[in-house]
Amino acid sequence: MTDGFSVPGPAAADTLAASVARVAELADRLGMSHGGVFDVQQLSEASGVPAEVVAALLDGRPAGEPDLQARFLQRLDLLRSTRLKPNGRRHTQQEIADGAGMSRQQAGALINGDRRPTMEHCDAIQRFFGVHAGFLTAEDAEALNGALLRTEQKLLKDWSGDGDPLERLLLDHGVRGIAWRAAQLPTDKHRDKVTEWLDMLLESVKPTRASESADSGAPGGANQTET
């Protein structure tokens, strides 16, 4: 870490690269332009990551990572610039304070960078602006990856209408979501534990399934055809 910036680890970069590849593949299948799917400004507004950093990360280039307070100030300024009131004006400090349940002095200190935010502050402001949890705090690569995952889910819904069995299976059963979460774990030992838990869960539901099957096929059961 130098001058308040750190470089995201290879795991974050690899996860982001994999998401970029999947979204690009889906866009190709749907006949959509990459320029539309990977619109830098839209991804910046969806993730909170500055547009120039989005462009760098999408290209696989390293981008400096601001510390928590600098990241908070960047994201909050972006929210105030893009989540405007119906009249097109920015929310005032008083409006943010009232909506987030804090005093105007607290809101002003946070907005001006005179006070470090707590998780409670971040959660309250995120709820006020109607953005997802972690918008103000997630590291840039993680935040951009989250925006791409949401894009991927939308594209998968569009693609599922074409009847591809594998893509429909991945969508219907949340396989991608499970795999992505497992990929965030730091070691193979942790991922093996997830596999063990899934095996235990499968074992726990087998008797229920067997019982349901037996009940449906038993004489006098609900599915028996009357003669």
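The buried residues of helix α6 pack against three other helices, namely α5 (68-82), α7 (104-111) and α8 (119-129). In this predicted model, helix α6 spans residues 93-100, and the buried positions within it are Gln93, Ile96, Ala97 and Ala100. Viewed down the axis of α6, these buried residues fall within an arc of 100 degrees, and they therefore line one face of the helix. Just after α6, the chain continues with Gly101, which takes a positive phi of about 70 degrees.

Helix α6 also contains Glu95, which is partly exposed, its relative accessible area being 28%. When residues up to four places away in sequence are not counted, Glu95 touches Lys85, Arg90 and Phe128. The last of these contacts joins residues that lie 33 positions apart along the chain, and the C-alpha atoms of Glu95 and Phe128 are separated by 9.5 Å.

Phe128 in turn takes part in an aromatic pair, of which the structure holds one. The partner of Phe128 is Phe129, and the geometry of the pair is edge-to-face, with 5.0 Å from centre to centre and 80 degrees between the planes. The angle of 80 degrees between the planes of Phe128 and Phe129 is assigned to the edge-to-face class because that class takes in planes over 60 degrees apart. The two rings belong to residues of unlike accessibility class: Phe128 counts as partly exposed at 25% relative accessibility, whereas Phe129 is buried, with a relative accessible area of 9%.

As to the overall organisation, the protein comprises 12 helices and two strands, arranged along the sequence in the pattern β-α-α-α-α-β-α-α-α-α-α-α-α-α. Of its 227 residues, 33% count as buried. Among contacts between residues at least 6 apart in sequence, 61% join residues at least 24 apart.

Helices α3 (residues 40-47) and α4 (residues 51-58) have axes that come within 9 Å and cross at roughly 110 degrees, an arrangement that makes α3 roughly perpendicular to α4. On the side of α3, the contact is made by Val40, Gln41, Leu43, Ser44 and Ser47, and on the side of α4 by Ala51, Val54, Ala55 and Leu58. Classified by residue type, the contact of α3 with α4 has six nonpolar and three polar residues, with no charged residues. Within α4, the buried residues are Val53, Val54, Ala56, Leu57 and Leu58; among them, Val54 and Leu58 also take part in the contact with α3. Helix α4 is followed by Gly60, whose phi is positive, near 80 degrees.

The loop between α3 and α4 contains Pro50, which at 16% relative accessibility counts as buried, because the buried class extends to values under 20%. With residues up to four places away in sequence not counted, Pro50 touches Ser44 and Gln74, and of these Ser44 is also one of the α3 residues in the contact with α4. Pro50 and Arg71, which are 21 residues apart in sequence, are placed 9.8 Å apart in space, C-alpha to C-alpha.

A further loop position is Met32, found between α1 (10-29) and α2 (34-37). The side chain environment of this position can be described by its accessibility and its contacts: Met32 is partly exposed, with a relative accessible area of 35%, and it touches Ala27, Val37 and Leu155, residues up to four places away in sequence not being counted. Of these partners, Leu155 lies 123 residues from Met32 along the chain, and the C-alpha atoms of the two residues are separated by 9.9 Å.

Conventions: Residues are numbered from 1 along each chain as its sequence is written. Side-chain values use heavy atoms; hydrogens and water are left out. Rings of Phe, Tyr and Trp (its six-membered ring) pair if their centres lie within 6.5 Å; planes under 30 degrees apart count as stacked, over 60 as edge-to-face and the rest as tilted. Buried means under 20% relative accessible area, exposed over 50%, partly exposed in between (1.4 Å probe, protein chains only). Helices (H or I, at least four residues) and strands (E, at least two) are DSSP runs, numbered from the N terminus. The arc is that of the directions from the helix axis to the C-beta atoms. Contact means heavy atoms within 4.5 Å. Axes are lines fitted to C-alpha atoms, for helices over the stretch in contact, and angles run from 0 to 180 degrees between N-to-C directions. Angles under 35 degrees count as roughly parallel, over 145 as roughly antiparallel, 65 to 115 as roughly perpendicular and the rest as oblique. Ala, Val, Leu, Ile, Met, Phe, Trp, Tyr, Cys and Pro count as nonpolar, Asp, Glu, Lys and Arg as charged, and the others, Gly among them, as polar.
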